[in-house]
Amino acid sequence: MNTTDFDRFFLNDSEAGIQNFQQIILETEALLSRFYKNNSDAYTGVFPTEIEKEINELSLTSENGEESGKVLNDVLEKVVKNSIHVSHPTSMGHLHCPPLISAIAAELIIGTLNQSMDSWDQSSTATYLEERLIKWVSNKLVLPSSADGTFTSGGTQSNYMGLLLARDFFCDKRWNWNVKAQGLPADSHKLRILCSEDAHFTVKKSAFQLGLGEQAVITVETDEHKKMNTAKLVQEIQRLKNGGLIPMCVVATAGTTDFGSIDSISEIAEIAQNNGLWLHVDAAYGGALLLSKKHFHKLAGIEQADSITIDFHKQFYQPISCGAFFVKDKTNFHYIAHHADYLNPENDEEDGLVHLVSKSVQTTRRFDALKLFMSLRIVGEKSFENMIDYTLHLAKQAAGVMDKKPHIEVCNINPEINAIVFRYSDAAPGSLNELNTYIYKRILHSGTALVAKTKVKGEVFLKFTLLNPRTTIVDIEDILHTISQFALEYENRGITQ
Ligand SMILES: *Cc1c(COP(=O)(O)O)cnc(C)c1O
């Protein structure tokens, strides 16, 4: 045993290391290129039990190492083939985007450099590149110069951070109470967070994780376009106050997960201001409209938010994970800062050293900023804008086509972003839920497309999320045709039973 035996496992200046690196990367590239060249479906349609069986048959480890080509072949056969192919134009189920090639390449560099964003001595250049991208997005959102932010693992973490800061800020200002030092104050069970009934479930999840309980979340009715009814918001705030409860925060949603609806942020900002509430804007989905001159106005008022969630792994076409969290006043980050002697001692910051751990709920953290940077440079802002504008146009066009079909019921004929909620409606009312569930499963296991299933007022509906700028109206027509065929199949199945 000699330490040079390990050379080939790592990227380093040895011949063995370089050669092994090139070989595995080239083999991986060849595998993916070959696969994408020949792949024609969004999914093979294989059922979960069969996949589980195949995965269980894989040998998980090897005693003495195996040829990378052999392992990659297993990966191709057992993992890649039966994966959900998110880059396929008929993959339109969830808010799950095709990743940009520029970002895929960046992932290789991110993994190779393996910088960690917690302390400057683990991310020397990465620290400053992330800071510049945060500033770039802040400027696009027209946030004041006091604003700041951090990359996060996604919307869940960003929403959690928004509500965490809202809670600690409120307790500090209202009761002069330091939650970080003292835990929750006696009256914390009276604190309330308002959001629309169509807000993301992570608002409730954050509330219980923050020790406020789900009871802290009061949902406000939405109007027929699934936007928060702001008159009802005012009423709810008053009702809570009258009942001795303490509203502390309102969450506006810019792009609800099902409908893509955008609350009136300006109106909500004014109500928040009048009532001394923290305003958090969950723009995980809709935040991408900052890339579009034509649609940016839909986010009007976002610059007044105390905190903002944006996901780059949705409509910015970044591989998972990639998100960000912004605050209007960067001093509020002190509510989550903790100084560890080994990582970010206080005197370092006095010396001007930047340790991003002070702004994050994570410690070790990925250099995801690099992939957004490489994408913005290689793809260019104009193409981002064209992709956003095209998918919004496609959604409008598709909703129009669908609305004309007598057997399709569209919930949002004028989609605000690019999600369309609909169902097949040509059947006896009592069988619609079963019929649409049947259609959903048949589409999934036929492999022709990936659509999502959701509920509207307790009824089963289907959903297209048109993130992919390569999807065409012909793809939509084809899926609608397939849906009609499966509906017919369902009816006939009823007869023969
Ligand atoms: C996707 C989404 C989230 C959750 O974000 P993750 O990145 O999945 O953690 C939160 N809010 C909204 C509106 C979303 O669309």
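Which helix is the place of Phe-21? That opens the first of a few exercises on this structure, which is a predicted model.

**Exercise 1. Place Phe-21 and describe the nonpolar patch it belongs to.**

Solution.
- Start with the helix: Phe-21 sits in α1.
- Next, check its exposure. The relative accessible area of Phe-21 is 31%, so this residue counts as partly exposed. The cut-offs that matter here are under 20% for buried and over 50% for exposed.
- Now look at its company. Phe-21 joins Leu-11, Ile-18, Leu-108, Ile-109 and Leu-113 in a nonpolar surface patch. Together these residues have about 460 Å² of accessible area.
- Finally, trace the patch back to the helices. Both α1 (15-38) and α4 (101-113) supply at least two residues each. The biggest share comes from α4, with three residues.

**Exercise 2. Work out what surrounds the ligand, and which side chains make polar contacts with it.**

Solution.
- Begin with the shell: 15 residues surround the ligand, and the closest are Thr-156, Asp-282, Asp-311, His-313 and Lys-314.
- Sort that shell by class. You get nine polar, three charged and three nonpolar residues.
- Ask which element gives the most. That's helix α6 (residues 155-175), with three residues.
- Then go through some polar distances. Asp-311 has a polar side-chain atom 2.7 Å from a ligand oxygen. For His-313, an N or O atom of the side chain is also 2.7 Å from an oxygen atom of the ligand. With Thr-257, the distance from a side-chain N or O atom to a ligand oxygen is 3.3 Å.
- Last, consider how covered the ligand is. On its own the ligand exposes 380 Å², and the protein buries 85% of that.

**Exercise 3. Take the salt bridge between Arg-365 and Glu-130 and explain what it ties together.**

Solution.
- A reminder first: side chains of opposite charge can pair when their charged atoms come close.
- Check the distance. The closest N and O atoms of Arg-365 and Glu-130 are 3.0 Å apart, and the cut-off for a salt bridge is 4 Å.
- Locate both ends. Arg-365 is in the loop between α11 (346-350) and α12 (369-379), while Glu-130 is in helix α5 (residues 124-140), so the bridge ties together parts 235 residues apart in sequence.
- Add the exposure: Arg-365 and Glu-130 are both buried.
- For context, the model has 25 salt bridges by this rule.

**Exercise 4. Follow Arg-423 to two of its salt-bridge partners, and say which strands get linked.**

Solution.
- One partner is Glu-409, with closest N and O atoms 2.8 Å apart. This pair links strand β8 (residues 408-410), which holds Glu-409, to strand β9 (residues 419-424), which holds Arg-423; the two residues are 14 apart.
- Compare exposures. Arg-423 has a relative accessible area of 10% and is therefore buried, whereas Glu-409 has 30% and is therefore partly exposed.
- Another partner is Glu-459, at 2.9 Å from N to O. Arg-423 is in β9 and Glu-459 in strand β11 (residues 459-465), so this bridge ties together parts 36 residues apart in sequence.
- Glu-459 comes out as partly exposed, because its relative accessibility is 29%.
- Elsewhere, salt bridges with shared partners join Glu-107, Arg-366, Asp-368 and Lys-371 into one network.

**Exercise 5. Inspect the backbone around Ser-321, Asn-176 and Lys-457, and say what stands out.**

Solution.
- Here's the background: most peptide bonds are trans, and most residues other than glycine have a negative phi.
- Look at the bond from Ile-320 to Ser-321. This peptide bond is cis, with omega near 0°. Ser-321 belongs to the loop between β6 (307-311) and β7 (323-327).
- Turn to Asn-176, which isn't a glycine and yet has a positive phi of about 55°. You'll find Asn-176 in the loop between α6 and α7 (179-182). Its relative accessibility is 66%, so Asn-176 counts as exposed.
- Finish with Lys-457, another non-glycine residue with a positive phi, near 50°. Lys-457 is in the loop between β10 (452-456) and β11. With a relative accessible area of 79%, Lys-457 is therefore exposed.

Key
Residues numbered from 1 in each chain as written. Predicted model: local features only at pLDDT ≥ 70, side-chain atom pairs only at ≥ 80, totals over all residues. Heavy atoms only, no water. Near = heavy atom within 4 Å. Polar contact = N/O pair within 3.5 Å; in protein donor to acceptor, adjacent residues only side chain to side chain. Areas by Shrake-Rupley, 256 points an atom, 1.4 Å probe, with all protein chains shown as cover. Helix = DSSP H or I, 4+ residues; strand = E, 2+ residues; numbered from the N terminus. Nonpolar A, V, L, I, M, F, W, Y, C, P; charged D, E, K, R; others polar. Patch = residues over 30% accessible without salt bridge, like charges linked within 9 Å, V, L, I, M, F, W, Y side chains within 5 Å. Salt bridge = Lys/Arg side-chain N within 4 Å of Asp/Glu carboxyl O. Buried < 20%, exposed > 50% of the residue type's maximum accessible area, 1.4 Å probe, protein only.
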